[in-house]
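Visitor: I'd like a close look at a single part of this protein, with the packing and pairing spelled out residue by residue. Could you walk me through one helix and its surroundings?

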Amino acid sequence: MKKSKILLGLLSTPIVISMPLIALSCGDGDKPNPGNETGVKWEDSGITQAIAGQGSSSVVPIISKIAELSGGNLQYKSTGSGGGFKSMNKATPEQQFGMTSSSKTPADGKSWENKNLRTVTWALDAIGLAIHLPDGYKTKNDETPIVDIKELAKAYNGEKVKWKVLVANLDAPGDDDAVVFGREGGKGASGTADGFMSKLVKLGGITFTGTAEEQKAKEKEYENHKPLKAENLTPEANSAAFNVVKEKVGITYVSLGFGVKNANDTVKLAKVKISESEIWEPKMENVTAGTYKWTRPFNIIFDKTNEDSVKFVKFLLSEKVQAFIKSLDFVELTKEQQDLQKDLTKSDAELFASIKDQPDVLKKFKTVGSNQEAYGLKI
């Protein structure tokens, strides 16, 4: 059988894995490669030689499967979003592309070291809360459980939170403490944890005391699930995390698409209460509509003058690859989102210059302070 080499990194150590072309399972490991079912063919990219990139671990479930179809021409090293950003923000980038699973940008007042760099959002990820209530607990009128994000933040900080406080719509609840589960290593080791904790830190209301340096250290421990006990940590794969709350009472987080497909009478997907006037309902169509906001962008950074890089981005934005992304339980772009980015001849600076006098268009892109650049879509 033909074999392909896919360059990946586990934590900080890059390795080369040699596996059968279609049988390789990397990243999430939740399902076999559906590439042929969606009609994705590497030949459609028009790339005839090796192309390499590095960055976010969160994109590995998608990129590794595309790499399987490339016959060894697509190589990717998992170094984290920061690694992808830093490798490209140089006068001469280290490789053809970098991947981030957040809007990594130059700081306010800075710009790209290479003026030809372009950022394109090629997919979205959404996070859902999978909840298994204790026996005897039920919601009012059997409604979808509504989890209070501020109480959830406390629980992930190791504080005792009652189920009757955490779930806003319980009917005649008991007095048990809620149980929460998180990925081993938290944000530092898991892309799904990164997406979950980034939003929880932003909206959960947890504050840390001490000097600025001490606060930063405490926040990092929080993001990496240090407050949780060892028995409350799960493996990275969505399937493994979901199976934990299938067997045990508690809450965990999974990619929303996976949760939608696997929710059942025991494990439900919870709504998220942000405030008395704002509740997010976990549906894929709500991600597209922008009303479910536990989301983040998958961005690619590339040099617009590199022909193979441009071909690869066009390939990612193609109809077949977007359908392939959806089949892997991630969120494909809408037609409008694709159309906003289809001109790949412009750098981030040139794109900004072309739309700066169109406020209705500009507001759909990520911008930073006084920077005259547009960094992918605003998600």
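Guide: Happy to. Let's begin with the residues that touch: on the α3 side, Ile-149, Lys-150, Leu-152, Ala-153 and Tyr-156 meet Phe-196, Leu-200 and Leu-203 of α5. Sorted by class, this contact between α3 and α5 holds 7 nonpolar residues, no polar ones and 1 charged residue. Please keep in mind that the model is a predicted one.

Now for the geometry behind that contact. Helix α3 covers residues 149–156 and helix α5 covers residues 191–203; they pack at an angle of about 115 degrees, and their axes are 9 Å apart. Because angles of 65 to 115 degrees count as roughly perpendicular, α3 is roughly perpendicular to α5. As for handedness, the crossing in which α3 passes α5 is left-handed.

Helix α3 also has strands as neighbours. It lies across β8 and β14, and its direction makes an angle of about 65 degrees with β8. These two strands belong to an open sheet of 3 strands, ordered β8-β14-β15, with mixed pairing. At its edges are β8 (146–148) and β15 (278–280), each of which pairs on one side only. From one strand to the next, the twist averages 30 degrees.

Within that sheet, β8 and strand β14 (residues 271–275) run parallel and are joined by 3 bridges. One pair to pick out on your screen is Ile-146 with its bridge partner in β14, Lys-271. As a general reminder, the strands of a sheet pair through backbone hydrogen bonds, in either a parallel or an antiparallel sense.

For another piece of strand pairing, turn to strand β5, residues 97–100. Both of its faces are covered: Phe-97 and Met-99 are buried on one side, and Gly-98 and Thr-100 are buried on the other. Strand β3 (residues 51–55) runs parallel to β5, and 3 bridges join them. Here Gln-54 stands opposite Gly-98 of β5. Strand β5 also pairs with strand β16 (residues 295–303), this time in the antiparallel sense and over 4 bridges. In that pairing, Thr-100 stands opposite Asn-299 of β16.

To put the part you asked about back together: α3 meets α5 through residues including Leu-152 and Phe-196, and α3 also lies across β8 and β14, which are joined to each other in parallel.

Terms used. Residues are numbered from 1 along each chain as its sequence is written. This is a predicted model: local features need pLDDT of at least 70, side-chain atom pairs count only at pLDDT 80 or more; totals for chains, interfaces and linings use all residues. Side-chain values use heavy atoms; hydrogens and water are left out. Axes are lines fitted to C-alpha atoms, for helices over the stretch in contact, and angles run from 0 to 180 degrees between N-to-C directions. Angles under 35 degrees count as roughly parallel, over 145 as roughly antiparallel, 65 to 115 as roughly perpendicular and the rest as oblique. A crossing is left-handed if the near helix is turned anticlockwise from the far one by less than a right angle, and right-handed if clockwise. Contact means heavy atoms within 4.5 Å. Ala, Val, Leu, Ile, Met, Phe, Trp, Tyr, Cys and Pro count as nonpolar, Asp, Glu, Lys and Arg as charged, and the others, Gly among them, as polar. Buried means under 20% relative accessible area, exposed over 50%, partly exposed in between (1.4 Å probe, protein chains only). Two strands pair if DSSP finds at least two bridges between them.
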